[in-house]
Amino acid sequence: MSMQMLVLAQAALGAASAVEASSRFFAAAERIGATYLQTRLYTRPQAPLTSKTHWAAGGFVLRRAPERWPGSAGFDYVCFTHNPLLTAIREGRTRYRFSDFAPHDDRRHADYWAALSEARIAEAICTTSYGRERGIASLHLGFGQRSIDPATAAAVERAGLILTERLIDFHAPPAPRLKHPLSARQRDALAYAAEGRTDREIAELLGVSESTARFHIDSARRRLGAVNRTHAVAKLVSMGLL
């Protein structure tokens with residue numbers, strides 16, 4: 001393990017939060033020429049991957065860039081108009097350079113690099129980790145010169161993966177959807193009771209006898225651990241299920 005990688009990795013591993021890990025990593029990376037950092041920790045959208053859906057996924061942890069950069073014309077261009085890095089995401093790449101997908105000598109990407117230069121980025125290295133529940137953590141580390149020493153690049157890639165794996169540790173997967181505690185009949189009967197319907201009206205709406213309607217309501221009450229039907233309705237509402 002190179003000394004550069006060790007210093008960068010230790011900066012990430014000792015942090016207690018995603019922001020701290022990102023900030024400490026950049027402080028160490030600045031010593032080897034880094035000029036820009038962006039880290040994200042988000043849940044991959046289920047919608048088709050586009051510039052718009054990628055941005056809407058949010059999860060921006062930290063950005064170290066010139067103050068004028070976010071929201072500028074150049075920023076909007078690389079985020080929404082011309083984002084060749086979407087290909088890397090579709091392919092599930094874990095580490096790469098921006099120039100792998102936007103070669104500097106390709107005229108189709110000339111405006112892309114001109115825009116990035118406004119953020120003091122002549123080349124950048126990205127590392128990405130993929131976690132449970134579609135969790136994704138990414139690092140974009142920019143440099144002010146195109147040429148990056150191979151040993152330095154290798155150290156950044158490996159340490160960057162340690163950082164994104166650390167960020168994944170902070171990923172909170174979406175809360176599982178609560179399974180409805182009641183059967184469809186119990187839920188419907190209680191919903192009608194919540195509207196103030198009488199047992200007879202509930203029976204007619206459900207197409208059952210009045211005694212069966214009362215049975216469904218009482219069963220719902222017991223399953224919810226409620227003392228009466230009013231209490232049952234209140235519990236169901238508090239659970240967000242009515």
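Reader: At what distance, N to O, do the side chains of Arg200 and Glu210 meet in a salt bridge?

Author: This is a predicted model, in which local features need pLDDT of at least 70 and side-chain atom pairs count only at pLDDT 80 or more, while totals for chains, interfaces and linings use all residues. Residues are numbered from 1 along each chain as its sequence is written, and side-chain values use heavy atoms, with hydrogens and water left out. A salt bridge requires a side-chain nitrogen of Lys or Arg within 4 Å of a carboxyl oxygen of Asp or Glu. Arg200 and Glu210 form such a bridge, with an N to O distance of 3.9 Å.

Reader: How many residues apart in sequence are the parts that Arg200 and Glu210 tie together?

Author: Helices (H or I, at least four residues) and strands (E, at least two) are DSSP runs, numbered from the N terminus. Arg200 belongs to helix H10 (residues 199-206) and Glu210 to helix H11 (residues 210-224), so the parts joined by this pair have a separation in sequence of ten residues.

Reader: Is Arg200 buried or exposed?

Author: Buried means under 20% relative accessible area, exposed over 50%, and partly exposed in between (1.4 Å probe, protein chains only). Glu210, at 31%, counts as partly exposed. Arg200 has a relative accessible area of 56% and is therefore exposed.

Reader: Which residue is linked with Arg200 and Glu210 in a network of salt bridges?

Author: Side chains of opposite charge can pair when their charged atoms come close. A search of the whole structure finds twelve salt bridges. The network that holds Arg200 and Glu210 also includes Arg214.

Reader: Which residue meets Asp218 in a salt bridge?

Author: The partner lies four residues from Asp218 in helix H11, a separation of about one helical turn. Asp218 is partly exposed at 30%, and its partner is partly exposed at 48%. With an N to O distance of 2.5 Å, the residue that meets Asp218 is Arg222.

Reader: Which strands stand at the edges of the open sheet?

Author: Two strands pair if DSSP finds at least two bridges between them. The open sheet has five strands in the order E2-E1-E5-E4-E3, with antiparallel pairing. Each edge strand has a single partner strand, so one side of each is left without a neighbour in the sheet; these are strand E2 (60-64) and strand E3 (95-97).

Reader: Over how many bridges do strands E4 and E5 pair?

Author: Within this pairing, Ser129 stands opposite Ala137 in E5. Strand E4 (residues 123-130) and strand E5 (residues 135-143) pair in the antiparallel sense, and the number of bridges is eight.

Reader: What is the phi of Glu133, a residue other than glycine?

Author: Most residues other than glycine have a negative phi, and most peptide bonds are trans. Glu133 lies in the loop between E4 and E5 and is partly exposed, with a relative accessible area of 45%. Its phi is positive, near 50 degrees.

Reader: Where is Arg120 placed?

Author: Arg120 also has a positive phi, near 65 degrees. At 47% relative accessibility, Arg120 counts as partly exposed. Its place is in the loop between helix H7 (110-117) and E4.
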